[in-house]
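Visitor: I'd like to learn how to read this model, one feature at a time. Could we start with the basics?

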Amino acid sequence: MGVMESRYIVSLLKTEEGYSVWVPGLPGCASQGETEQDALDSIQDAIANYLSVAEELSAGNESREVVLQR
């Protein structure tokens, strides 16, 4: 099986401590970092973990794929 690429829009907020970052399309998926790049690297791990948990929670359920073209 090949590698599947997914792209997500993330929002960044510069704070006194560094950067907060979250994924509007994945409720509750957020992270932070001292620099913008740290935050972007960190959110990649957060997205992977989020999707892994979502997959575990839906295991055994019927599923369908829906394609949205915008």
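Guide: Sure. Helices (H or I, at least four residues) and strands (E, at least two) are DSSP runs, numbered from the N terminus. By that rule, L40 is found in helix α1. Keep in mind that this is a predicted model, where local features need pLDDT of at least 70 and side-chain atom pairs count only at pLDDT 80 or more, while totals for chains, interfaces and linings use all residues. Residues are numbered from 1 along each chain as its sequence is written, and side-chain values use heavy atoms, with hydrogens and water left out.

Visitor: Which strands pair with β2, and in what sense?

Guide: Two strands pair if DSSP finds at least two bridges between them. Here β1 and β2 (residues 18–22) pair in the antiparallel sense over five bridges, and a hairpin of two residues joins β1 to β2. You can pick out the partners: L12 stands opposite V21, and T15 has G18 as its bridge partner. On to β3 (residues 30–33): four bridges link this strand to β2, again antiparallel, with W22 opposite A30.

Visitor: And the side chains on a strand, where do they point?

Guide: In a regular strand they alternate between the two faces of the sheet.

Visitor: Which residues make up the largest nonpolar core?

Guide: The general idea is that in soluble globular proteins, nonpolar side chains tend to be buried together. A nonpolar core here is a set of buried Ala, Val, Leu, Ile, Met, Phe, Trp, Tyr and Cys residues joined through side-chain atoms within 4.5 Å. Buried means under 20% relative accessible area, exposed over 50%, and partly exposed in between (1.4 Å probe, protein chains only). The largest core has nine residues: Y19, V21, V23, L26, C29, A39, I43, A46 and I47. Both β2 and α1 (36–58) supply at least two residues of this core, and the largest share, four residues, comes from α1.

Visitor: What does Y19 touch?

Guide: Contact means heavy atoms within 4.5 Å. Skipping residues up to four places away in sequence, Y19 touches a list including L12, L13, S31, T35 and A39.

Visitor: Is V10 buried or exposed?

Guide: V10 counts as partly exposed, because its relative accessibility is 26%. V10 sits in the segment before β1 (11–15). Leaving aside neighbours within four places in sequence, V10 is in contact with V21, W22, V23, P24, L40 and I43. The C-alpha atoms of V10 and A30 are 9.1 Å apart, with their positions 20 residues apart along the chain.

Visitor: What about L40?

Guide: L40 also has 26% relative accessibility, so L40 counts as partly exposed. With the same sequence neighbours left out (up to four places away), L40 touches V10 and L12. L40 and W22 are 18 residues apart in sequence and 9.4 Å apart in space, C-alpha to C-alpha.

Visitor: Where is E62, and how far is E62 from V10 in space?

Guide: E62 is in the segment after α1, and its C-alpha is 29 Å from that of V10, 52 residues away in sequence. E62 is exposed because its relative accessible area is 68%.

Visitor: Last one: how many residues of each class line the largest pocket?

Guide: Rolling a probe the size of a water molecule over the atoms shows where empty space is left. On a 1 Å grid over the protein atoms alone, a pocket is an open set of points where a 1.4 Å probe fits, with protein on both sides within 12 Å along at least five of seven lines; lining residues have an atom within 4 Å of a point. E65, V66, V67, L68 and R70 line the largest pocket. By class, that lining has three nonpolar, no polar and two charged residues, where Ala, Val, Leu, Ile, Met, Phe, Trp, Tyr, Cys and Pro count as nonpolar, Asp, Glu, Lys and Arg as charged, and the others, Gly among them, as polar.
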